[in-house]
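Thanks for coming, everyone. Let's put the structure on the screen and walk through a few of its parts.

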Amino acid sequence: MPYIKVINGVMQEFDGQHLNTGRVASIGLNAYSHLETLNWGQIPAASIQAGHANYPAYPDDFRFLRQQGFKYVQVMLAPFNGLKGYFNWGRVVGQPDFNADNTVRNLNINSTYWSLLQAYLDCARQNDIGVIACPFWNVQAIPALVGETNVALTDAYSKSRNYLRAFSAAFTARLANHTGIAAWMANQEILNVRLNADADGKGGTPLPTIHAADMIREVAVQIRNHDPLGRMISSGNAGIPHTAPRQPDFYLDKYLSDTLLDLNPDPVDCLCQNLFLDNEYVSSAQEAGDLRADYSSCSLGYLKVMQKVAGELKKPFFIGSFGLSTRQERLLPHPQEDLRALLRNMARTGVQLAAHWAWNCAATMTETAKQDGWNILQTATGQNAARAEVFDVLKAELPNFASTVADDLIQRSKKPFHSTVLNFEVSQAQGRYLTIPHRDVYNSRDMSLSFTIRQVKYTQQSYQSFIQHRNATQGWNVLQQACMSYMSIASTSGQSSNSGHGAPSDVLNEWVRCTYTVGANGCISLYVDDFLMYQAQGANPPPFSNQVVPGNAIMVGREKSYTAGASREIDSIWQMSDIILYNRVLTPNEVFEYGTSSLPAKDPVGHWTLNGTSKDASVNQNDATRAPGNEPAFIEYARLGP
């Protein structure tokens, strides 16, 4: 019965009498196949009341959830498939008719479909459960329904797009006055749509963001125009992808400034994403990586970033799906504590509503030989209970959502933390660099290196070191190739390994904050602008050999490229700030905290701010000096503008 409206950027809860009962603070459940499991009303009513196929029917489910303190379920209120299978859209909802210009002549919605939804929502209302209603859980069902391919979704005047608009209007108008509806979900993971895919949905090309955004907006406009209560509308996990390995061309700041806004367009009034272990930026690493893929070590940073964006846009952050599969749980020593950490991180970053994936759904969500095992199956009697330990965590954390006071918003910038930076201008004929004397404290089994850099000009395409502490068979160096950076390390066998962006995320004239960590096993991790971007896995034979002989200083800058006939024309210009060296591997949270606080992590062995000085700000006070032969005009400090 509760429903949600967004007022001044905050989810507010209203009761059946339309009274505001306060801000939303709850954990919801993705019961997406409540009706699909029951074959869209084709199972006799007596069977519905008694349960079916070992899954609790929704009357029992709603009663149980109310008793346990849960208020919201997110549900697919139309079939997943267009014409495939027996209980498809055409059979359950109705087969539409079109005019010659592709406009809808008649939706032909079956009365039995409306009756089914009415009974479902009545039951929800009787048990004080609010349904977050999604008409297009699988938007690819619509082209199949109307006899078009997915390419039709890119045409605003196709049958598919006309049907989306017409059905959205009819769906909302029919259900809008029912207080069993808590909120609306315009779509579900629309970026999963593939154009020109094969019969199994594989291959093809992704749906362009511009068309995904248009469809979300069109559906949301129809919902807003036909809902007199003005309930919350979500985009349905339309934003951040969940892919592994990390995509080096998926930059967080570009996502926040462009993609996130595009995929949550007005009148969508919240930001909706899913959070899984293979989301970009959300978990600490890939499952097979040196860092354990978990929520505890890295989710807080991303949630803090989203808290800030949500506050600025005045659109609350709604986590439409989250969870751990049983396969992922087996990789973690304490999986339910990891889930608990995620929930507590949500609460402290102002997340008002998050829906767990998945609750009492179809058998495809349980663990089989081909499935990951997502489904929680729970009943009032405990019979057929599966993954009850997950449910116990969700239930235990419900009060925490209501009582936790959100952290203050972070201040985060890609710019250097200092007003003055070091400026390098180099040519083939003349090297420009600083040297930092060797110290034994730099020799360690593990290490981390952080620096902030802006490339102003580059023409050199071959690998060139610009920070290094290395001889022929020991140590490390950071190399530049065009507008990319890589780290190369030595092993005891004398072999080297490179780990880098793989794409030009060092955008020309843009400041980038990079942190490399290297474990004794030779695994290199690269953080870009405070988040893990890439991890080398087993490319270098361990162990990492960092016992550099005393005669080898750390070099910052670039040596000359050639000798005979070399050009003195400046071919590369870059600026640097805050070079920090550690003799240990930083954690993901330490990297993030440095990016938001400007304070180095604990116990750096070297910290050269380059803020108009080459002095070492660490306890070792190992100052850098200008290398012999460097002309002063080509290594200078530059003041940054406002």
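First, one term. A crossing of two helices is called right-handed if the near helix is turned clockwise from the far one by less than a right angle, and left-handed if it is turned anticlockwise. Keep that in mind. Also keep in mind that this is a predicted model.

Now the helix pair. Find helix 8, residues 252–262, and helix 9, residues 299–313. They pack at an angle of about 40°, and their axes are 12 Å apart. That angle makes helix 8 oblique to helix 9. Which hand does the crossing of helix 8 and helix 9 have? The crossing is right-handed.

Who meets whom here? From helix 8 come Leu252, Tyr255, Leu256, Leu260 and Leu261. From helix 9 come Tyr302, Val305, Met306, Val309 and Leu313. What kinds of residues make this contact? There are 10 nonpolar ones, no polar ones and no charged ones.

Next, a sheet. Strands of a sheet pair through backbone hydrogen bonds, either parallel or antiparallel. The open sheet here has eight strands, with parallel pairing. Read the order with me: 12-9-8-5-4-15-14-13. Which strands sit at the edges? Strand 12, residues 233–234, and strand 13, residues 271–275. Each of these edge strands pairs on one side only.

Look inside that order. Strand 4, residues 26–30, pairs with strand 15, residues 353–356. The sense is parallel, over four bridges. Ile27 stands opposite Ala354 of strand 15.

Helices lie across these strands too. Take helix 11, residues 335–348. This helix lies across strand 4, strand 13, strand 14 and strand 15. Its direction is at about 165° to strand 14, residues 317–322. Then take helix 12, residues 388–403. Helix 12 lies across strand 4, strand 14 and strand 15, and runs at about 145° to strand 4.

Last stop: strand 16, residues 420–426. Is this strand largely enclosed or open? Six of its seven residues are buried, so strand 16 is largely enclosed by the rest of the structure.

What does strand 16 pair with? Five bridges join strand 16 to strand 30, residues 635–639, and the two run antiparallel. There, Asn423 stands opposite Glu636. Five bridges also join strand 16 to strand 27, residues 572–582, again antiparallel. In that pairing, Val426 has Ser572 as its bridge partner.

That's my tour. Questions, please.

Notes:
Residues are numbered from 1 along each chain as its sequence is written. This is a predicted model: local features need pLDDT of at least 70, side-chain atom pairs count only at pLDDT 80 or more; totals for chains, interfaces and linings use all residues. Side-chain values use heavy atoms; hydrogens and water are left out. Axes are lines fitted to C-alpha atoms, for helices over the stretch in contact, and angles run from 0 to 180 degrees between N-to-C directions. Angles under 35 degrees count as roughly parallel, over 145 as roughly antiparallel, 65 to 115 as roughly perpendicular and the rest as oblique. Contact means heavy atoms within 4.5 Å. Ala, Val, Leu, Ile, Met, Phe, Trp, Tyr, Cys and Pro count as nonpolar, Asp, Glu, Lys and Arg as charged, and the others, Gly among them, as polar. Two strands pair if DSSP finds at least two bridges between them. Buried means under 20% relative accessible area, exposed over 50%, partly exposed in between (1.4 Å probe, protein chains only).
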